[in-house]
There are 4 protein chains.
Amino acid sequence: MDKILEKAVEEGKKMTALGRTATYIPELGRMDKSYLGVCVCTGDGQYYKYGDADERFTIQSISKVISLAVALERCGFERTFDRVGMEPSGDSFDSLVKLDLTSDYPSNPMINSGAIAIASHLASEVSFEQMLKFTRLLCMDDEITLNERVYHSEMGHISRNKAIAYLLESKGILENSVEESLKFYVRMCSLNVTAASLAGFGLVLASDGVDPATGKRLLHSWVVQIVKTIMLTCGMYDGSGKFAVEVGVPSKSGVGGGILSVVDKRMGIGIFGPSLDEKGNSIAGQHVLRELSAKMKLHMFADNVPEF
Amino acid sequence: MDKILEKAVEEGKKMTALGRTATYIPELGRMDKSYLGVCVCTGDGQYYKYGDADERFTIQSISKVISLAVALERCGFERTFDRVGMEPSGDSFDSLVKLDLTSDYPSNPMINSGAIAIASHLASEVSFEQMLKFTRLLCMDDEITLNERVYHSEMGHISRNKAIAYLLESKGILENSVEESLKFYVRMCSLNVTAASLAGFGLVLASDGVDPATGKRLLHSWVVQIVKTIMLTCGMYDGSGKFAVEVGVPSKSGVGGGILSVVDKRMGIGIFGPSLDEKGNSIAGQHVLRELSAKMKLHMFADNVPEF
Amino acid sequence: MDKILEKAVEEGKKMTALGRTATYIPELGRMDKSYLGVCVCTGDGQYYKYGDADERFTIQSISKVISLAVALERCGFERTFDRVGMEPSGDSFDSLVKLDLTSDYPSNPMINSGAIAIASHLASEVSFEQMLKFTRLLCMDDEITLNERVYHSEMGHISRNKAIAYLLESKGILENSVEESLKFYVRMCSLNVTAASLAGFGLVLASDGVDPATGKRLLHSWVVQIVKTIMLTCGMYDGSGKFAVEVGVPSKSGVGGGILSVVDKRMGIGIFGPSLDEKGNSIAGQHVLRELSAKMKLHMFADNVPEF
Amino acid sequence: MDKILEKAVEEGKKMTALGRTATYIPELGRMDKSYLGVCVCTGDGQYYKYGDADERFTIQSISKVISLAVALERCGFERTFDRVGMEPSGDSFDSLVKLDLTSDYPSNPMINSGAIAIASHLASEVSFEQMLKFTRLLCMDDEITLNERVYHSEMGHISRNKAIAYLLESKGILENSVEESLKFYVRMCSLNVTAASLAGFGLVLASDGVDPATGKRLLHSWVVQIVKTIMLTCGMYDGSGKFAVEVGVPSKSGVGGGILSVVDKRMGIGIFGPSLDEKGNSIAGQHVLRELSAKMKLHMFADNVPEF
């Protein structure tokens with residue numbers, strides 16, 4: 001395992017020069033784009049790391065997975081999907097087009113419009129402190145905190161998300177004010193995680209929602225099933241289809257450079273690589289995952305499953 | 001003339017049942033949709049009226065003509081059209097699609113996005129009191145005031161325009177804050193006019209920007225030329241093309257039910273008819289203008305011009 | 001198993017009244033929409049049937065799976081995906097919008113534009129007779145033939161697909177003429193199958209491309225992996241995301257009323273139910289699959305896998 | 001007059017390097033893009049020329065004006081506009097998007113989709129020979145012929161227009177086959193004219209449809225009125241709005257480099273300048289028209305009209 005990680009990361013490092021950090025949030029734009037780290041967390045609780053796997057960065061869109069899971073737990077299936085769909089949009093993550101032109105609700109909870117709709121539901125159901133606490137549990141990482149600098153940087157450059165939120169409000173989709181909804185949304189995006197935190201979270205999802213260390217169930221089985229499915233079809237923005245072909249494990253990326261991957265019943269994987277492609281996914285991170293998938297036959301439709 | 005107006009309005013009244021008032025602003029939605037009035041103001045200063053020509057209603061989008069004219073006067077051609085285009089959009093007046101998908105600036109100053117961009121420029125150049133004063137001059141009507149009830153109703157249901165404004169802000173098009181820009185924009189929309197006010201304004205535009213009563217020039221000739229052209233191509237939202245064929249005079253409609261029409265070098269026409277078609281234009285008002293155009297050969301490309 | 005099938009079909013029959021047959025092809029429009037049948041083919045070669053499982057109908061879009069598989073076998077990954085993508089389009093199956101507006105190639109091989117591009121490649125590589133023969137092998141059904149009536153009906157109402165094909169040609173994507181490409185495409189759509197044929201095909205895909213009866217490999221493992229992945233993300237048109245959440249097995253629908261489903265490493269399922277929803281998927285067929293998935297824990301991310 | 005033309009053309013020649021010829025039709029792509037000529041034909045029958053005003057080139061989209069006029073004459077207003085609109089589309093001239101997405105008929109007769117719909121109507125009403133003869137009359141030019149090389153080059157590179165035509169057919173808009181419709185359409189596009197021919201045609205339109213030399217009426221007054229209006233709002237593709245502001249006379253461009261302009265009741269203007277901007281309009285030609293409009297106060301809303 002260690003050798004596979006090392007090789008994948010060392011090759012991936014060569015690709016970090018090809019992308020760029022998320023410049024539309026100044027605090028993210030300033031990040032060093034040569035970072036690259038991976039962490040694999042297996043069912044026996046073992047963590048395998050290589051590269052910058054303990055570096056802190058903001059979770060960004062990966063928090064959409066947590067918010068969706070909590071929404072399903074708290075509000076149930078019907079109410080959660082009352083005003084957000086489950087279809088890949090075919091458009092970029094911050095697009096307004098479909099929402100304005102052909103649809104009455106956001107395409108899915110993994111794009112900004114859908115996640116803001118979910119955040120608006122949650123803002124009356126649960127406090128940020130509760131969300132933070134639960135995130136720590138899911139990631140098996142007690143050191144996750146709010147990154148105040150990124151939070152304020154993002155709140156100061158939020159015009160486009162405000163446009164999305166007000167369009168949602170004009171369609172009667174928000175349950176709280178635009179301000180409350182976005183505050184909730186951006187706070188969740190600004191949590192500081194590591195590749196290792198994401199690997200831990202991935203393992204919980206791979207283990208059907210049960211913390212393998214304690215045996216305690218953190219999420220209902222049906223919630224985990226839905227979350228993994230939507231990660232698979234929508235988790236890598238408008239690159240989800242290609243990623244499913246090439247890597248084939250439910251994943252969610254964030255513009256902070258993180259990728260959360262779930263190898264069902266086997267392992268969780270966390271990536272940190274802030275150099276992004278034009279769709280907003282970590283360039284080198286995707287490469288690492290392609291390599292791991294090929295070497296360890298991780299694809300959900302791989303012909304067989306070897307042991308380590 | 002009086003007979004032509006009477007016949008056109010009486011026929012038009014039958015059509016008021018076919019449309020509806022602008023329900024997305026509650027205070028406009030409550031309006032009686034059976035109102036219909038017309039006023040023609042000819043070069044000799046004569047006002048011809050029929051129906052509800054002295055009823056007060058809010059100017060709404062017709063104020064976009066005034067704001068464009070003032071922007072051109074204050075900021076010049078280059079700066080005004082630096083961040084707003086001159087093309088019909090082919091979409092509805094409050095669409096976000098083109099702005100998000102294919103363009104870096106609003107299509108033209110007669111749709112909401114373009115008018116908000118213009119308002120944002122003007123908000124630093126001129127006070128609302130100056131705008132009000134100038135509107136009274138252009139309309140030759142000293143009794144124009146701000147309709148506070150409509151203003152507050154509109155500010156309370158402004159999510160969609162906020163979405164547009166924040167999208168503009170995200171593209172770096174606004175010169176003032178969203179709040180300042182929209183406050184300016186909605187105040188201008190909430191001015192109380194009559195069909196007679198609009199006829200007066202129309203005559204000033206027909207007279208190349210000169211108040212025919214006093215001989216005083218209110219707008220530069222080049223500004224008036226641009227304003228009339230853009231009214232012709234974009235003034236009736238995505239019904240402008242058909243209206244140009246059928247009526248053939250530069251016009252601008254508002255969802256308050258008003259239409260301002262300019263018969264170049266001949267007359268101004270004002271309409272009040274709050275029953276709207278699905279594009280947001282007064283149904284009966286358009287009928288009245290078709291009748292007047294046919295009877296008095298008002299079309300810009302009519303074969304000849306008869307005298308009264 | 002028999003009881004599960006019976007219950008699911010009997011319930012599903014009540015829903016056949018809610019949809020309609022594919023009226024844009026007259027010969028399909030004439031079909032009785034109350035048909036409903038299901039067939040499950042398990043790893044031991046056992047066929048379980050209920051309802052109209054041996055009724056012949058045209059395979060329609062399910063042939064896109066076969067064509068994609070053959071293209072990958074014959075032309076390889078690179079050449080196949082040189083001019084067709086792997087992303088859900090977010091639009092309906094016969095849309096031209098994305099292809100005209102934002103993309104240089106079709107979004108994926110499961111929508112008409114992508115399948116016509118694939119057909120155009122194949123038309124020089126393989127004869128229709130070879131395709132027919134191979135389809136019989138994949139479906140383990142020697143009685144599959146060309147339905148001449150549907151073929152001619154479809155060729156006579158092909159304007160929209162011609163529009164798509166000429167747009168592809170204008171972008172340099174076709175390798176053969178529009179006529180050759182569409183002839184190939186429509187012939188493949190007009191093959192007469194049964195729910196049982198589809199179940200057999202499904203089992204071959206579930207068995208990694210190996211015919212379980214003979215042990216003979218019909219498709220390479222990597223081809224099967226790609227095909228199943230794309231079925232999962234794109235196989236149910238713009239309803240693929242919701243279907244993945246609710247049913248969770250790679251599937252492909254056709255407007256003839258068929259659905260092919262693959263429960264990896266376990267079974268193939270074939271459906272025939274020509275009453276379609278507005279996206280073009282069998283209404284009752286989807287219900288049957290939801291029931292089977294729930295009762296037998298077929299979802300790819302179901303928590304565990306019971307035995308029969 | 002001669003000096004004005006000379007100055008405008010000499011200045012314009014500097015701009016011919018900035019554009020390119022219409023490369024999607026090989027025979028047009030081969031044209032020398034440094035050509036530039038202008039011809040003005042005034043009410044007294046005088047022709048003023050400068051530059052390449054007698055050079056032959058294909059009329060291309062300017063023929064859409066002739067076809068619209070003949071359709072109105074032959075089929076009347078109702079039938080002509082039964083299946084084509086009168087609105088600027090906001091999209092490029094060969095776009096399929098609006099037609100596929102939001103509309104049941106082409107936006108207007110000046111874009112390809114609308115013109116093909118018109119051609120389809122005309123193909124049963126009038127022979128090509130009659131159209132040619134009538135074009136010669138309208139242009140007061142007996143030497144207009146079919147350019148066989150351009151015709152065949154265009155028919156050989158017609159995929160995109162076929163896509164448009166088949167999409168129209170799928171919506172039930174064509175009255176003749178795609179082949180007949182396109183043959184009619186492309187033949188009309190392939191007529192060889194000169195800047196002088198266009199100036200003559202412009203004068204006929206400026207003279208309300210009457211040939212000023214013979215006093216013979218060639219088109220009904222109401223037809224000319226409609227044609228000029230639609231030229232004004234839609235004649236310069238998606239650059240029509242800006243052109244109306246800057247030049248302000250009804251005009252129609254073609255990708256052969258021609259522009260037809262009508263100064264109502266005063267003159268016709270013909271332009272030949274095959275170096276095109278990205279919208280498909282002659283770059284230098286537009287410059288010449290801006291100059292002529294400014295110098296001779298040709299704008300329809302110019303403050304006054306000087307004599308020569």
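**Strand pairs**

Before anything else, a term I need: two strands count as paired if DSSP finds at least two bridges between them. I should also note that I am working on a predicted model.

I started with strand β7 of chain B, residues 267-272. I looked for its partners and got two. Strand β6 of chain B, residues 258-263, runs antiparallel to β7(B) and is joined to it by 6 bridges. Looking along that pair, I found G258(B) opposite F272(B). Strand β1 of chain B, residues 37-42, also pairs with β7(B), again in the antiparallel sense and over 6 bridges. Here F272(B) turned up once more, this time as the bridge partner of G37(B). I jotted down F272(B) as a spot with a neighbour in β6(B) and another in β1(B).

How many residues sit between β6(B) and β7(B) in their hairpin? I counted 3, and K265(B) in that turn has a positive phi of about 65°.

**Is β7(B) covered or open?**

Mostly covered: 6 of its 6 residues are buried. I then sorted them by direction. M267(B), I269(B) and I271(B) point one way, while G268(B), G270(B) and F272(B) point the other way. Both sets are buried.

**Chain A as a whole**

Next I stepped back and looked at chain A. I find 13 helices and 7 strands there. Its radius of gyration is 18 Å, close to the 19 Å that the globule rule gives for 308 residues, so chain A is as compact as a globular protein of that length. The C-alpha trace spans about 55 × 40 × 35 Å along its principal axes. I also checked burial: 62% of the 308 residues count as buried. For contacts with a separation of 6 or more, I see 69% coming from residues 24 or more positions apart.

**The core**

Which residues touch the most other members of the largest nonpolar core? They are V38(A), V38(B), V38(C) and V38(D), in a core of 428 residues. I took V38(C) as my example. Leaving aside residues up to four places away in sequence, V38(C) touches L5(C), A8(C), V9(C), Y50(C), G51(C), A53(C), A195(C), I269(C), I271(C) and V288(C). My general reminder to myself: in soluble globular proteins, nonpolar side chains tend to be buried together.

**A covered helix**

I went on to helix α5 of chain C, residues 112-122, and found it mostly covered, with 11 of its 11 residues buried. Among the buried ones I noted N112(C), S113(C) and H121(C), along with I116(C), I118(C) and L122(C). What lies over them? The cover includes α3 (63-80), α4 (97-101), α8 (159-170) and α9 (178-189) of chain C.

**Chain B against chain A**

I asked how chain B can be laid on chain A. A turn of 180° with a shift of 0.0 Å along the axis does it, at an RMSD of 0.0 Å. That is the relation of a two-fold axis. In chain B, the C-alpha nearest the axis belongs to A163(B), 1.9 Å away from it. The same surface serves both copies, since 100% of the contact residues of chain B recur in chain A.

The contact itself takes 13 residues from chain B and 13 from chain A. On the chain B side, α4 (97-101) and α8 (159-170) each supply at least two residues. The largest share comes from α8(B), with 8 residues. By type, I get 6 nonpolar, 3 polar and 4 charged on that side.

**Chain C against chain A**

I repeated the exercise with chain C. A rotation of 180° and 0.0 Å of shift along its axis put chain C on chain A, with an RMSD of 0.0 Å. Which residue of chain C comes closest to the rotation axis? I found G90(C), whose C-alpha is at 2.3 Å. Here too the same surface serves both copies: 100% of the contact residues of chain C recur in chain A.

This contact takes 31 residues from chain C and 31 from chain A. On the chain C side, α11 (221-234) and α12 (240-246) each supply at least two residues. α11(C) gives the most, with 8 residues. I split that side by type into 10 nonpolar, 12 polar and 9 charged residues.

Technical notes. Residues numbered from 1 in each chain as written. Chains lettered and ligands numbered in written order. Predicted model: local features only at pLDDT ≥ 70, side-chain atom pairs only at ≥ 80, totals over all residues. Helix = DSSP H or I, 4+ residues; strand = E, 2+ residues; numbered from the N terminus. Rg over C-alpha atoms; globule rule 2.2 N^0.38 Å. Buried ≥ 20, exposed ≤ 12 C-beta atoms within 10 Å, placed from the backbone. Contact = placed C-beta atoms within 7 Å. Core = buried A, V, L, I, M, F, W, Y, C linked by C-beta atoms within 7 Å. Least-squares fit on C-alpha atoms with pLDDT ≥ 70 in both. Nonpolar A, V, L, I, M, F, W, Y, C, P; charged D, E, K, R; others polar.
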